[in-house]
2 protein chains.
Amino acid sequence: MDINETMSSAELDEMIKALSHPVRRDILNWLKQPEVYFADQEHPLSIGVCAGKIDQKTGLSQSTVSAHLATLQRAGFISSKKVGQWNFYSRNEAVIQQFLARLADQL
Amino acid sequence: MDINETMSSAELDEMIKALSHPVRRDILNWLKQPEVYFADQEHPLSIGVCAGKIDQKTGLSQSTVSAHLATLQRAGFISSKKVGQWNFYSRNEAVIQQFLARLADQL
DNA sequence: CATTTATATCCATATATCGCGATATGGCGA
DNA sequence: TCGCCATATCGCGATATATGGATATAAATG
């Protein structure tokens, strides 16, 4: 989602649905403090958190977590950066804040 | 939900799920300005909005809307008041505000 | 007391979501 | 190039959610 325009109703819907699963909210939360939850990552946390690390933390299968990450990314809450064979995920703080503002407004 | 204590994780989950359907968000929105959306109601809007009026507005079946209202009520977002043969629904503003604050905090 | 009205509940069906194993893809290293 | 590793995607069964018709309940009304 473009952070410079207000999100559409369909986008808001996608975002709320993305948040409606506890594991996805957990992931967002972990990404808020990577140094707390992913202290064992070899790569610098500044790039983001490696997908595999998130898999481990959830205890779910790799494919399931990959789908959850895709859902969060489609909603705009996180972005991924591919470095070598790894994919590093991080929060889009601006989008999250805009979502909260929009929700507060529309609710 | 008791507005004097912080909501549990399970309650938050129930609330987000309740919001994850567009019709339920519509209903919450309509109840925000009953005088705009339910101007034709015979009973005073101060008691709340009659379930049947909400049925009409959605265009969905009576049973479906009744289920949506029950979902919103279980989540704590709305309350119902039975007067005669009618059930009047209204928003729980305090709960809604507390939800938004909690979400902003936990997200 | 029978009938109508409002609404919740029950039931069946349809659709969406979740979770997993298997497979595809793409980078990396021997 | 031949695998190995990380991760996305596919296909499928299981579970959850949505929807509407039918029915139950309860109040109002003649």
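A residue is near a molecule or strand if its C-beta atom, placed from the backbone, lies within 6 Å of it. Keep that in mind as we walk through this predicted model, in which local features need pLDDT of at least 70, side-chain atom pairs count only at pLDDT 80 or more, and totals for chains, interfaces and linings use all residues. Residues are numbered from 1 along each chain as its sequence is written, while chains are lettered from A and ligands numbered from 1 in the order in which they are written.

**The DNA-facing surfaces**

Let us start with DNA strand D. Of the 23 residues around this strand, A:G52, A:S63, A:S66, B:S63 and B:G84 come nearest. Around DNA strand C there are 22 residues, of which A:S63, A:G84, B:G52, B:S63 and B:S66 come nearest. At least two residues each are given to the strand C surface by α5 of chain A and by α4 (51-58), α5 and β3 of chain B. For strand D, the elements supplying at least two residues each are α4 (51-58), α5 (62-75) and β3 of chain A, together with α5 of chain B. Helices here are DSSP runs of H or I with at least four residues, and strands are runs of E with at least two, numbered from the N terminus.

The table gives the make-up of each surface, where Ala, Val, Leu, Ile, Met, Phe, Trp, Tyr, Cys and Pro count as nonpolar, Asp, Glu, Lys and Arg as charged, and the others, Gly among them, as polar.

| Surface | Largest share | Residue classes |
|---|---|---|
| DNA strand D | α5(A), six residues | nine nonpolar, 13 polar, one charged residue |
| DNA strand C | α5(B), six residues | eight nonpolar, 13 polar, one charged residue |

**The sheets and their helices**

In chain A, three strands make an open sheet with the order β1-β3-β2 and antiparallel pairing; two strands pair if DSSP finds at least two bridges between them. β1 (49-50) and β2 (78-83) of chain A stand at the edges with a single partner strand each, so one side of each has no neighbour in the sheet. Six bridges join β2(A) to β3 (residues 86-91) of chain A in the antiparallel sense, and A:S80 stands opposite A:Y89 in β3(A). Helix α2 (residues 22-32) of chain A packs on this sheet, touching β1, β2 and β3 of chain A, and its direction makes about 90° with that of β3(A). Such angles run from 0 to 180 degrees between N-to-C directions, with axes fitted to C-alpha atoms, for helices over the stretch in contact. Contact between two residues means that their C-beta atoms, placed from the backbone, lie within 7 Å.

Chain B also has an open antiparallel sheet of three strands, in the order β1-β3-β2. In this chain, B:I78 stands opposite B:R91 in β3(B), and helix α2 (residues 22-32) of chain B runs at about 85° to β3(B).

**Where the chains meet**

How many residues of chain B are in contact with chain A? There are 14, and they touch 14 residues of chain A. α6(B) provides the largest share of the chain B side, five residues. That side divides into nine nonpolar, three polar and two charged residues.

**A many-sided tyrosine**

Leaving aside neighbours within four places in sequence, B:Y89 is in contact with B:L31, B:G48, B:V49, B:A51, B:I54, B:L69, B:I78 and B:S80.
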